[in-house]
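Dear colleague,

I am writing to hand over the structure that follows. Please look through it first, and then read the notes set out beneath it.

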Amino acid sequence: MELDPEAGSKVLRLQQKLYRWSKKGTYDLKDIYNLVHHPAVLSLAWKFLKNNRGSCTAGMDGITRKKVIEEIGTDEWLTIVQDKLRERKYQPAPVRRTYIPKGLGKMRSLGIPTLEDRLVQMALKLVLEPIFEAQFKNCSNGFRPGRGPWQAMSQIWNYMRPQNGYNWVIEADLKSCFDNIDHSLLLQRIRKKVRDKKVLAIIKAFLKAGVLEQGIIYHPVSGSPQGGVISPLLANIYLDVLDEHYEKHYHRKTHSMKQTMVRNGQAILRHERYADDFVILVKGTKEQAEQALTELRGLVRTDLRMELAEEKTGIHSLEEGFEFLGFRIWRGTANAPVEYPLLFYHLRKRKSGSGGR
């Protein structure tokens with residue numbers, strides 16, 4: 001298989017079609033497996049992969065980008081992968097587990113797939129991402145095209161303005177989110193949009209491939225290893241049920257509907273999420289914020305089959321402030337200049353002894 005020099009434009013047009021079909025629900029997405037091994041998709045997947053520093057790190061098979069380019073040959077290697085996919089002989093290998101520092105003396109597990117598996121995951125991502133982007137909510141900002149931490153921060157800052165009436169914030173984090181993703185629930189949610197059994201089989205194979213650690217292969221019953229190209233997308237698909245809950249009950253309400261809720265003694269909530277970190281702004285009393293946190297715990301247990309990381313979860317006034325994505329954020333006092341109602345600083349400044357309150 002020769003690399004396609006026009007892969008970028010071809011895949012973009014394909015993604016635009018998939019997005020429109022998914023958004024309108026006018027096309028039955030039950031035959032998209034052939035797109036995963038399409039030459040343009042694999043060519044673009046390789047382009048992204050080879051430009052990533054991670055391609056220099058080998059999985060359990062020892063193959064790196066350098067070995068593919070200098071010893072095997074890129075066209076030859078891509079042909080081998082394409083044939084495996086076309087003939088349905090492709091089988092993911094276990095990921096090689098390593099650990100990286102997380103802070104506070106803790107370590108984060110990281111799964112390193114083989115280069116072949118990373119290529120297939122990238123191809124899958126190119127096909128699946130536009131399909132699910134059509135359903136993702138505006139309150140989700142992590143690991144999405146054209147979005148990042150600053151989009152999440154700007155939305156939070158906007159709602160924190162005094163005139164919007166929010167007084168409290170629930171700061172929350174999911175306990176070992178990537179390790180606790182329920183495979184059956186995840187596949188159910190993917191199946192709602194994608195009915196191609198061959199695509200679902202590959203995703204299930206990735207989830208069940210296992211983990212190589214200290215020479216022993218483990219097969220976890222839940223989780224999607226951090227480090228996999230497709231893991232952030234799978235996590236967003238899984239956590240979308242959380243976004244949908246707050247969209248349905250709060251975000252989609254009109255101004256008059258929210259006013260009625262306030263008159264009836266109900267709190268108004270605003271949910272903003274970046275991957276597995278999220279905050280919920282509360283327009284109401286502290287007691288209502290506490291009730292909202294209790295409801296959140298129940299929602300996480302029933303709909304996600306997870307638990308909150310209690311050491312990272314709590315309720316704060318906006319004047320007291322909270323931590324989110326490595327920043328400390330709080331609202332200025334009543335006598336602060338109107339044009340500067342919000343204050344923040346990076347936590348590293350606090351650790352180094354400069355900046356802060």
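Which residue in β7 does Ala172 stand opposite? The residue is Phe278. Before going further, please note that this is a predicted model. The notes below begin with the strands around that pair and then turn to a helix, a pocket, the cysteines and several loop residues.

**Strands β3, β7 and β8**

Ala172 belongs to strand β3, in which Trp168, Ile170 and Ala172 occupy one side, while Val169, Glu171 and Asp173 occupy the other. These residues are buried on both sides, and both faces of the strand are thus covered. Because 6 of the 6 residues of β3 are buried, the strand is largely enclosed by the rest of the structure. As a general matter, the side chains of a regular strand alternate between the two faces of the sheet.

Strand β3, which spans residues 168–173, has two partners to report. With β7 (residues 277–283) the pairing is antiparallel and extends over 6 bridges. With β8 the arrangement is also antiparallel, and 4 bridges join the two strands. Within this second pairing, Val169 has His316 of β8 as its bridge partner.

Strand β8 itself covers residues 314–317. Its two faces are both covered, with Gly314 and His316 buried on one side and Ile315 and Ser317 buried on the other.

Lys312 is located in the loop between α12 and β8. It counts as partly exposed because its relative accessibility is 36%. Although Lys312 and Asp173 are 139 residues apart in sequence, their C-alpha atoms are 6.0 Å apart in space. Leaving aside residues up to four places away in sequence, Lys312 touches Lys102, Glu171, Ala172 and Asp173. Three of the residues just named, Glu171, Ala172 and Asp173, are among the buried residues of β3.

**Helix α8 and its surroundings**

Helix α8 runs over residues 183–191, and its buried residues are His183, Leu185, Leu186, Leu187, Arg189 and Ile190. Which helices do these buried residues pack against? They pack against α6 (115–133), α9 (197–208), α10 (231–251) and α12 (286–304).

In α9 one finds Ala201, which is partly exposed because its relative accessible area is 37%. Ala201 and Leu187 are 14 residues apart in sequence, and their C-alpha atoms are 9.6 Å apart.

The loop between α8 and α9 contains Arg195. This residue counts as partly exposed, because its relative accessibility is 47%. Between the C-alpha atoms of Arg195 and Thr313 there are 37 Å, and the two residues are 118 places apart along the chain.

**The second largest pocket**

The second largest pocket contains about 280 Å³ of space. It is lined by 26 residues, and those that lie nearest its centre are Val95, Phe206, Gly223, Ser224 and Pro225. By class, the lining consists of 13 nonpolar, 10 polar and 3 charged residues.

Several elements contribute to this lining: β1 (95–103), β2 (106–112), α6, α9 and α10 each supply at least two residues. The largest share, 3 residues, comes from β2. Two of the contributing helices, α6 and α9, are also among those against which the buried residues of α8 pack.

**Cysteines**

How many disulfides does the structure hold? The number is 0. Cys139 is in no disulfide, and the nearest cysteine sulfur, that of Cys177, is 15 Å away. Cys139 counts as buried because its relative accessibility is 0%. Cys56, by contrast, counts as partly exposed, because its relative accessibility is 48%.

**Two residues with positive phi**

Most residues other than glycine have a negative phi. Against that background, two residues deserve mention. Arg88 is not a glycine, yet has a positive phi of about 60 degrees. It is placed in the loop between α5 (74–86) and β1, and it counts as exposed because its relative accessibility is 54%.

Ala275 likewise has a positive phi, near 60 degrees, and is a residue other than glycine. Its place is in the loop between β6 (268–274) and β7. Is Ala275 buried or exposed? Ala275 is buried, because its relative accessible area is 10% and buried means under 20%.

With kind regards

Key:
Residues are numbered from 1 along each chain as its sequence is written. This is a predicted model: local features need pLDDT of at least 70, side-chain atom pairs count only at pLDDT 80 or more; totals for chains, interfaces and linings use all residues. Side-chain values use heavy atoms; hydrogens and water are left out. Buried means under 20% relative accessible area, exposed over 50%, partly exposed in between (1.4 Å probe, protein chains only). Contact means heavy atoms within 4.5 Å. Two strands pair if DSSP finds at least two bridges between them. A disulfide is a pair of cysteine sulfur atoms within 2.5 Å. On a 1 Å grid over the protein atoms alone, a cavity is a set of points where a 1.4 Å probe fits but cannot get out, and a pocket is an open set with protein on both sides within 12 Å along at least five of seven lines; lining residues have an atom within 4 Å of a point. Grid points are joined across faces, edges and corners, and a volume is the space filled by probe spheres set on the points. Ala, Val, Leu, Ile, Met, Phe, Trp, Tyr, Cys and Pro count as nonpolar, Asp, Glu, Lys and Arg as charged, and the others, Gly among them, as polar.
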